[in-house]
Amino acid sequence: MAFRARHLLGIEHLAPEEILTVLDLADRYVDLNRRTVKRTDALEGMTQINMFFENSTRTQSSFELAGKRLGADVMNMAMQNSSVKKGETLIDTALTLNAMHPDLLVVRHGASGAVDLLAQKVNCAVVNAGDGKHEHPTQALLDALTIRRAKGRLHGLTVAICGDVSHSRVARSNMLLLGKMENHVRLIGPPTLMPPGFGEFGVDIYEDMRAGLKGADVVMMLRLQKERMDGGFIPSEREYFHRYGLDAEKLGFAAPDAIVMHPGPMNRGVEIDGTIADDITRSVIQEQVEMGVAVRMAVMDLLAQNLRAERGRAATENLARGTFV
């Protein structure tokens, strides 16, 4: 098994073979999820806690469903009403949770690096469900699985990531993953939504959407994250759609068999025309949702295997030490 990670905090530290290990196992879980009986015992006897400091119905429900289908005991913590709001520190929360002996901790937090801090304070496996503007690794993995199943490969493709790149952890994780798998990545968006330094990722940056989409195999639209904006990043939503919203005319510049993606939730008529979003011949947006459950099942299965192996080694070492006391 080529997956050595103790936690999944981001794509940055995953090797290509580890990415492929996740995707291959996720493929098997896609098949399981399409059966009448959608359950396995991979996490039987284990406890999964979902801690979402930011609201995200789609991601939280996907992780919850994944855990239950793997046989875990799943608990959702309402962090918006938690003691953190009353002054408790994130470290205090981590220590409290650790005392409950969970096995898997799924965390979404508004601050970059918060999930990594939690991982340093607990004895269980931690999955980053999105931290600030940093990373969203399971989204990139589910996007990769969607692309591989639609295009038949995950290398040598031209992928255009369009829109609000500046505020997007999805964009960052996808850039890292697609780069590791030897794809050509283009970023398209207005200068106000294109952070400095992203050219260092080995990507091409376009301000003109038609030029950026020319010949693209994959068109990945990003949500305009108005809740993260504190200034005039765009003149108006109408003007933004005119220049950067995906419609049939702009999509015509991409490859004839290009697929259209969006991490959701969509702002129809802002980032993407509703007709394009619902086009079953081009859009794979619903497939992304399906792949999300399978990928999260694969990630938690692999982390649980590593956790059990680690605990087994520790028990053996403790027994050996006890023998010589």
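This note goes through two sheets, the helices packed on them, an annotated site and four basic residues in a predicted model.

1. **Four-stranded sheet.** One open sheet has four strands in the order β2-β1-β3-β4. The pairing is parallel. At the edges stand β2 (73–77) and β4 (125–131). Each has a single partner strand, so one side of each is left without a neighbour in the sheet. Neighbouring strands here are turned by 15° against each other on average, with direction ignored.

2. **The β1–β3 pair.** Strand β1 covers residues 47–52, and strand β3 covers residues 104–109. The two run parallel and are joined by five bridges. To fix the register, take Met51: its bridge partner in β3 is Val107.

3. **Helices on the four-stranded sheet.** Helix α2 (residues 57–69) lies across β1, β2, β3 and β4. It runs at about 180° to β1. Helix α3 (residues 90–98) also packs on this sheet. Its contacts are with β1, β2 and β3, and its direction makes about 165° with that of β1.

4. **Five-stranded sheet.** The other open sheet has five strands, ordered β7-β6-β5-β8-β9, again with parallel pairing. The edge strands are β7 (204–206) and β9 (259–261), each of which pairs on one side only. Between neighbouring strands the average turn is 20°, direction ignored.

5. **The β5–β6 pair.** Strands β5 (residues 158–162) and β6 (residues 184–188) pair over five bridges in the parallel sense. Which residue of β6 is the bridge partner of Ile161? It is Leu187.

6. **Helices on the five-stranded sheet.** Helix α5 (residues 137–151) packs on this sheet and touches β8 (218–221) and β9. The direction of α5 makes about 165° with that of β9. Helix α6 (residues 169–180) packs there too, touching β5, β6 and β8. The angle between the directions of α6 and β5 is about 170°.

7. **Annotated site.** An unreviewed UniProt entry places the feature "binding site" at Arg58, Thr59, Arg108, His136, Gln139, Gly264 and Pro265. What does the model show around these positions? The lining of the largest pocket takes in Arg58, Thr59, Arg108, His136, Gln139, Gly264 and Pro265 from this set. The annotation comes from the record; the pocket lining is computed from the model.

8. **Arg58.** This annotated residue has its place in helix α2. Is Arg58 buried, exposed or partly exposed? It is partly exposed, with a relative accessible area of 40%. Beyond residues up to four places away in sequence, Arg58 touches Pro263, Gly264, Pro265 and Val289. Gly264 and Pro265 are also on the UniProt list.

9. **Arg108.** Arg108 sits in strand β3. Its relative accessible area is 7%, under the 20% cut-off, so it counts as buried. Its side chain makes a polar contact with the side chain of Thr59 (3.4 Å). Arg108 touches a run of residues from Met51 to Ser56, namely Met51, Phe52, Phe53, Glu54, Asn55 and Ser56. Its other contacts include Thr59, Ala129, Gly130, His136 and Arg169, again not counting residues up to four places away in sequence. Thr59 and His136 carry the same UniProt feature as Arg108.

10. **Arg148.** Arg148 is found in helix α5. It is buried, with a relative accessible area of 17%. Its side chain makes a polar contact with the side chain of Asp27 (2.8 Å). A polar atom of the Arg148 side chain also lies 3.5 Å from the backbone oxygen of Leu23. Leaving aside neighbours within four places in sequence, Arg148 is in contact with Leu20, Leu23, Asp24, Asp27, Arg153 and Leu154.

11. **Lys214.** Where does Lys214 lie? It is in the loop between α7 (209–213) and β8. Its relative accessible area is 60%, over the 50% cut-off, so Lys214 counts as exposed. Outside its neighbours within four places in sequence, Lys214 is in contact with Arg186 and Phe253. Lys214 and Leu246 are 32 residues apart in sequence, and their C-alpha atoms are 13 Å apart in space.

Conventions. Residues numbered from 1 in each chain as written. Predicted model: local features only at pLDDT ≥ 70, side-chain atom pairs only at ≥ 80, totals over all residues. Heavy atoms only, no water. Pairing = 2+ DSSP bridges. Axes fitted to C-alpha atoms, helices over the stretch in contact; angles between N-to-C directions. Contact = heavy atoms within 4.5 Å. UniProt positions renumbered as here; feature names shortened; annotations may be inferred. 1 Å grid on protein atoms, 1.4 Å probe; cavity = no way out; pocket = protein on both sides within 12 Å on 5 of 7 lines; lining within 4 Å. Buried < 20%, exposed > 50% of the residue type's maximum accessible area, 1.4 Å probe, protein only. Polar contact = N/O pair within 3.5 Å; in protein donor to acceptor, adjacent residues only side chain to side chain.
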